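Please look over the chain shown here before reading on. The paragraphs below then go through it part by part.

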Amino acid sequence: MKQHRVIVFSTPSCPWCSRVKQYLRSQKVNFKDVDISRGQAAAAEMMRKSGQQGVPQLWIDGKVVVGFDQIKINQYLGI
C-alpha cells in the first residue's frame, strides 16, 4: 500500500476531528495531527492553503479536504 503524507488540522473539542482521526487509524493510515488551538501559526497556515477555517481539515498529499468527507478521503488515499 502506498504511503501518503496526511496532515489533520483539528481541535480537542471538535467531535468530527475525533471521528476522522479514528477513521484514519482504523484504515491504518499514518497522519500528523496539528492542534490549531495551540497556536496561531498552524491555524494561519491552514487558512492560507485552504481559504477555510473549519476543522477537521486534512491535507492528503497536498490536496485539501475540509470536514469528514469520507468519499473524498477514500478517493485521495486509494481506499
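What follows moves from the confidence of the model to its sheet, its helices, its cores and two loop residues.

This is a predicted model, in which local features need pLDDT of at least 70 and side-chain atom pairs count only at pLDDT 80 or more, while totals for chains, interfaces and linings use all residues. Residues are numbered from 1 along each chain as its sequence is written, and side-chain values use heavy atoms, with hydrogens and water left out. The mean pLDDT (the predictor's confidence in each residue, from 0 to 100) is 93 for the protein, and 99% of its residues reach 70 or more. Among the elements, which are DSSP runs numbered from the N terminus (helices being H or I of at least four residues, strands E of at least two), α1 has the highest mean pLDDT, 97, and helix α2 (residues 40-50) the lowest, 89.

The strands form an open sheet of 4 strands in the order β2-β1-β3-β4, with mixed pairing, where two strands pair if DSSP finds at least two bridges between them. At its edges lie β2 (32-35) and β4 (63-66), each of which pairs on one side only, and the twist from one strand to the next averages 20°. Strands β1 and β2 run parallel and are joined by 4 bridges, and Phe9 stands opposite Val34 in β2. Helix α1 packs on this sheet, touching β1, β2 and β3 (contact means heavy atoms within 4.5 Å), and its direction makes about 160° with that of β1; such angles run from 0 to 180 degrees between N-to-C directions, with axes fitted to C-alpha atoms, for helices over the stretch in contact. Helix α2 also packs on the sheet, touching β1, β2, β3 and β4, with its direction at about 65° to that of β3.

Which residues of α2 are buried? They are Ala42, Ala43, Met46 and Ser50, where buried means under 20% relative accessible area, exposed over 50% and partly exposed in between (1.4 Å probe, protein chains only). These residues lie on the same side of α2 because they cover an arc of only 100° around the axis, the arc being that of the directions from the helix axis to the C-beta atoms. The face turned away from this buried side carries the exposed residues Gln40, Ala41 and Arg48. Just after α2, Gly51 takes a positive phi of about 75°.

The largest nonpolar core (a set of buried Ala, Val, Leu, Ile, Met, Phe, Trp, Tyr and Cys residues joined through side-chain atoms within 4.5 Å) has 11 residues, including Val6, Val20, Leu58 and Ile73. At least two residues of this core come from each of β1, α1, β3 and α3 (70-77), and the largest share, 3 residues, comes from α1. Apart from this core lies another, of 8 residues, among them Phe9, Ala42, Ala43 and Met46.

Two loop residues complete the picture. Thr11, in the loop between β1 (6-10) and α1 (15-26), counts as buried because its relative accessible area is 16%. Val55, in the loop between α2 and β3 (57-60), counts as partly exposed because its relative accessibility is 24%. Leaving aside neighbours within four places in sequence, Thr11 is in contact with Cys17, Asp35, Ile36, Ser37 and Val55. With residues up to four places away in sequence not counted, Val55 touches several residues, including Phe9, Thr11 and Met46.
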